[in-house]
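The following exercises are to be worked with the sequence and the model open side by side. Each task is followed by a solution in steps.

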Amino acid sequence: MKKARRALLGRSMKPVRIACINDAKETIGARTMSKLTAALQKCYDDHFLPVWGYPVRLYVTRKAKRTDWQLVYLDDTSQKGMLGRHELTHRGQPISKIFVKALDDEPISLAASHELFEMVLDPMANLWADKSKRTQYAYEVCDAVEEDYFVVDDFRMSNFLYPSWFEPFKHPPGTKFDHKGTLKKPFSMTKGGYVIKRVKGKKVIKAFGSPAKRRRFAKEDRRGHRSEFRDPHGVHHPGRRASKRRG
């Protein structure tokens, strides 16, 4: 637990409860939902928590309690290609949604772990890391390596960044910048990743690890995604009103 405490001093060490709600009944059965949630909890406790130090407790339920955060799975969305969206419930608690049918060949666990890790580290999608006086990078812990994964109990889980990735100074040899140890310096990305940057405190741009990633990204409908919340000119989704029915 000492390792867990060092990264986020000042945050409560009492686990945040995250209600996992399965509204994707056409694609996710009860047994699969149970196994997926258990694997996400194991992944979080064994891999993410020792690095970032913010404990959570995932549980499967039909209805969240008032103070719970939420991870909600749905079959469909009217916004084609929108893989997940981040918003607040009408009680002001963070909520992430995963539209299962829009994932195509992407494993549900890969999308779910991505959403979970990023929601926990930056629930309001408003944190930035300074690379220089002119350039800031969004505090997204999966985007730069988002097509990489590791396996927990036969489920693919998203690779994620380490605190060192957000630190612009020179690090000692052997420093890890992501969980798989792929990246070699701060603010870098894999060929399947992308980053969100803010230049001169105003202009928000996206940079991609490869032309192929840029093309894949361009085909997605990003309405409601965290990247759009950070962009002053982004296309937003009226999620707060829509989430009133959810809690």
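**Exercise 1. A helix against a sheet**

Helix 4 (residues 211-218) lies across strand 10 and strand 11, and its direction makes an angle of about 120° with strand 11. The model is a predicted one.

Task: Determine which strands form the open sheet with the order 6-7-10-11, and which of them are its edges.

Solution.
Step 1. The sheet is open, contains 4 strands, and is paired in the antiparallel sense.
Step 2. Strand 6 (128-130) and strand 11 (203-208) each pair on one side only, and are the edge strands.
Step 3. From one strand to the next, the twist averages 35°.
Step 4. At the strand 6 edge, 3 bridges join strand 6 to strand 7 (residues 135-138) in the antiparallel sense. Within strand 7, Gln136 stands opposite Asp130.
Step 5. Strands of a sheet pair through backbone hydrogen bonds, in either a parallel or an antiparallel sense.

**Exercise 2. The surroundings of strand 3**

Task: State how many residues of strand 3 (residues 69-74) are buried, and to which strands strand 3 is joined.

Solution.
Step 1. Of the 6 residues of strand 3, 6 are buried.
Step 2. Trp69, Leu71 and Tyr73 point one way from strand 3, while Gln70, Val72 and Leu74 point the other way; all are buried. In a regular strand, side chains alternate between the two faces of the sheet.
Step 3. Strand 1 (residues 16-23) pairs with strand 3 in the parallel sense over 6 bridges. Ala19 has Gln70 of strand 3 as its bridge partner.
Step 4. Strand 5 (residues 94-99) also runs parallel to strand 3, and 5 bridges join the two. Here Val72 has Lys97 of strand 5 as its bridge partner.

**Exercise 3. Aromatic pairs between distant parts of the chain**

Task: Among the 19 aromatic pairs of the structure, examine Phe48 with Phe160, then Trp52 with Phe166, and classify the geometry of each.

Solution.
Step 1. The rings of Phe48 and Phe160 are 4.8 Å apart, centre to centre, with 65° between their planes, and the pair is edge-to-face.
Step 2. This pair links distant parts of the chain, since Phe48 belongs to helix 2 (residues 30-52) and Phe160 to the loop between strand 9 (155-158) and strand 10 (194-199), 112 residues apart. Phe48 and Phe160 are both buried.
Step 3. For Trp52 and Phe166, the ring centres are 6.3 Å apart and the planes stand at 70°; the pair is therefore edge-to-face, the cut-off for this class being over 60 degrees.
Step 4. Trp52 in helix 2 and Phe166 in the loop between strand 9 and strand 10 are 114 residues apart, and this pair too links distant parts of the chain.
Step 5. Trp52 has a relative accessible area of 2% and is therefore buried. Phe166 likewise counts as buried, at 5% relative accessibility.
Step 6. Ring pairs join these residues into a cluster with others, including Tyr44, Phe117, Tyr137 and Trp165.

**Exercise 4. Charges over rings**

Task: Identify the rings over which the charged ends of Arg17 and Lys180 sit.

Solution.
Step 1. Arg17 places its charged end over the ring of Tyr59, 4.4 Å from the ring centre.
Step 2. Lys180 places its charged end over the ring of Tyr149, 5.9 Å from the ring centre.

**Exercise 5. Buried, partly exposed or exposed?**

Task: Assign Thr182 to a class of accessibility and describe its surroundings.

Solution.
Step 1. Thr182 lies in the loop between strand 9 and strand 10.
Step 2. The relative accessibility of Thr182 is 38%, so Thr182 counts as partly exposed; this class lies between the limits of 20% and 50%.
Step 3. Leaving aside residues up to four places away in sequence, Thr182 touches Asp148 and Thr190.
Step 4. Asn159 is 23 residues from Thr182 in sequence, and their C-alpha atoms are 9.6 Å apart.

**Exercise 6. Helix 3 and the whole chain**

Task: Compare the span of helix 3 (residues 108-121) with the expected value, and state how many of its residues are buried.

Solution.
Step 1. Helix 3 has 14 residues and reaches 20 Å from first to last C-alpha, close to the 20 Å expected at 1.5 Å a residue.
Step 2. Helix 3 is mostly covered, with 13 of its 14 residues buried.
Step 3. For the protein chain of 247 residues, the buried share is 54%. The chain contains 6 helices and 11 strands.

Terms used
Residues numbered from 1 in each chain as written. Predicted model: local features only at pLDDT ≥ 70, side-chain atom pairs only at ≥ 80, totals over all residues. Heavy atoms only, no water. Phe/Tyr/Trp six-rings, centres within 6.5 Å; stacked < 30°, edge-to-face > 60°. Buried < 20%, exposed > 50% of the residue type's maximum accessible area, 1.4 Å probe, protein only. Lys NZ or Arg CZ within 6 Å of the ring centre and 35° of its normal. Pairing = 2+ DSSP bridges. Axes fitted to C-alpha atoms, helices over the stretch in contact; angles between N-to-C directions. Contact = heavy atoms within 4.5 Å. Expected span 1.5 Å × (residues − 1).
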